[in-house]
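Here is a briefing on one protein chain, set out by topic. Keep the sequence and the 3D view open as you read.

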Amino acid sequence: MKIPDTIRDLFRRKSQTNFSLALYSVIIAILVWFAVSLTLYPSVPKTIEKVPLDLAIGTTASSDSTLNVISCDVENVKVKVIGSRTQIANIDSDTLSAYVDTDNVYSTGRKHLPIKVRSTNGIEFEVDSVDPSTAEVIFDKYESVQFPVLPKIPNVKFDDNKTINSTEFSCEPNIVTITGPSSQIKKISAVYASSNRKMILDSSYALSSDEIQLFAEDGTVIDSSSMTFDNTNFLINIPVLTVKEVGVYVQIVNAPANFDQSCLNLEMSADTIKIASKNSQAEIPDKLEIGQIILSDITPDYSKTFDLSKILETQGCINMSETTSITVLVNSENLKTKQITLDQSRVNISNAPNNGYDYNVITPSLSIEIVGTEDVIEKITPNDIIGNVNLLNANITEDQFIYDVIFSCPKYDNIWAITNYKVSIQRTPKETTTLPIQTETTTVNSDN
């Protein structure tokens, strides 16, 4: 029984000795290989992927403190380095810095520059290659410029008979300072604070903006990603007005009471316009007077243009149409003129002051021109025309003066004079009647 146990112990000791020898052999082999490698191959290559290019947007070019990097077409590079085995093993993307060489950059514009690599932890190595080896970099100068801000509400609609007061359509604040590349800033032609909210309004409203939009002179949108704004929150004031389409007319002045104005046959370049009242409580009339015309000024070739802006301003209204002026002219197709001479007996004086004076026309005759339709004008004689001098509210300080005459034709209501005439008038004191003086008679009583 002891012989088998002895054999088993012998084999156990033998196997343990062989394993130790094998382990020692492997360790020695590794040390020998390492020593040989260090002797025969002291430097080895290593490739590091995705090394970030250290070139942030807005950093300053080293050659000119006024230059800024606007953009770069490279974000990461692949670097192959060579160095000692003991040190290069510790190199990775966190211990390398890739950068663009800006030493020779002195002006704005697009530049193709070499990419260089350096260590961030002091490990020494040799750069074998950088992929890509160059980068396209855009340099520019940054500047800050103030621009007026305009409101924009493309999706806001208005109820019937409602409209926006464009003169008071505004933003708060109405100025924004934009900082960015000089070349981009110079392209800005208009700045809008825009809201895309959909609404239907029947009264004034204040709306917050959603975004700022920049537009070039040709209407194209400018990318604002490289710009900053001192304010991005704007309040859009939307003033809503009631709008109405009204007729227009002119007032004929100095016309006789019996005169039929339809015979003038006036034509207008626009019969209606759209207006809104600045006072939201005011009632807009159905017709709007755009001006006055003196009857004697209306000749067969008469034409006059009225500026609506001045007229509407005095009446507290806003023009909401594209019509800015209206021209009034006479349709002279059936009109004729005729010269007539009146004597002074055909001129009357009305509303003379009751101040102890008599007033008489001393102009012996008047030559005037009348207008009317062809079928009537030939029938007119001097006996059909009357001149009237209305002295109501006249400021008379002299005994002889001149005053305007207004002519009428009582027999026909479609005839008018186009002659502006003045006559001489004489003022004379009225005659006074002297009454007899009565004497008082006293009767004496004889009885006394």
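Strand β29 and strand β32 (residues 416-417) run antiparallel and are joined by 2 bridges. In this pairing, Val 371 stands opposite Trp 416 in β32. The model is predicted. The points below cover strand pairing, salt bridges, the largest nonpolar core and one helix residue.

**Strand pairing**

- Strand β29 covers residues 365-373 and also pairs with strand β26 (residues 335-343).
- The β26 and β29 pairing is antiparallel and runs over 9 bridges.
- Within β29, Ser 367 is the bridge partner of Thr 341.
- In a regular strand, side chains alternate between the two faces of the sheet.

**Salt bridges**

- The count of salt bridges comes to 6. Three of them, each described below, include the pair Arg 110 and Glu 136, the pair Arg 427 and Asp 399, and the pair Lys 422 and Asp 404.

*Arg 110 and Glu 136*

- These two side chains meet at 3.2 Å, N to O.
- Arg 110 sits in strand β5 (residues 109-119) and Glu 136 in strand β7 (residues 134-140), so the salt bridge ties together parts that lie 26 residues apart in sequence.
- Arg 110 counts as exposed because its relative accessibility is 52%, and the cut-off for exposed is over 50%.
- Glu 136 has 23% relative accessibility, so it counts as partly exposed.

*Arg 427 and Asp 399*

- The side chains of Arg 427 and Asp 399 form a salt bridge at 2.9 Å, N to O.
- This pair links distant parts of the chain, 28 residues apart. Arg 427 belongs to strand β33 (residues 421-429). Asp 399 lies in the loop between β30 (386-390) and β31 (400-408).
- Is Arg 427 buried or exposed? Arg 427 counts as buried because its relative accessibility is 11%, and buried means under 20%.
- Asp 399, at 39% relative accessibility, counts as partly exposed.

*Lys 422 and Asp 404*

- Lys 422 and Asp 404 meet through their side chains at 2.4 Å, N to O.
- Lys 422 is in strand β33 and Asp 404 in strand β31, so this salt bridge ties together parts 18 residues apart in sequence.
- Lys 422 is partly exposed, with a relative accessible area of 47%.
- Asp 404 is partly exposed as well, with a relative accessible area of 42%.

**The largest nonpolar core**

- The largest nonpolar core holds 29 residues.
- Which residues touch the most other members of this core? They are Ile 273, Ile 290, Ile 293, Ile 298 and Trp 416.
- Two or more residues come from each of β19 (240-253), β21 (272-277), β22 (287-294), α4 (308-314) and β25 (325-330).
- Strand β19 gives the largest share, 4 residues.
- Trp 416 thus has two entries here: it is listed in the core, and it stands opposite Val 371 in the strand pairing.
- Leaving aside neighbours within four places in sequence, Ile 293 is in contact with Val 250, Gln 251, Ile 252 and Val 253. The contacts of Ile 293 also include Ile 298, Tyr 302, Phe 306 and Val 328.

**Ser 182 in helix α3**

- Ser 182 is placed in helix α3, which covers residues 182-185.
- Ser 182 counts as buried because its relative accessibility is 14%, and the cut-off for buried is under 20%.
- Which residues does Ser 182 contact, leaving aside its neighbours within four places in sequence? Its contacts are Asp 140, Lys 141 and Glu 143.

Technical notes
Residues are numbered from 1 along each chain as its sequence is written. This is a predicted model: local features need pLDDT of at least 70, side-chain atom pairs count only at pLDDT 80 or more; totals for chains, interfaces and linings use all residues. Side-chain values use heavy atoms; hydrogens and water are left out. Buried means under 20% relative accessible area, exposed over 50%, partly exposed in between (1.4 Å probe, protein chains only). Contact means heavy atoms within 4.5 Å. Two strands pair if DSSP finds at least two bridges between them. A salt bridge is a side-chain nitrogen of Lys or Arg within 4 Å of a carboxyl oxygen of Asp or Glu. A nonpolar core is a set of buried Ala, Val, Leu, Ile, Met, Phe, Trp, Tyr and Cys residues joined through side-chain atoms within 4.5 Å.
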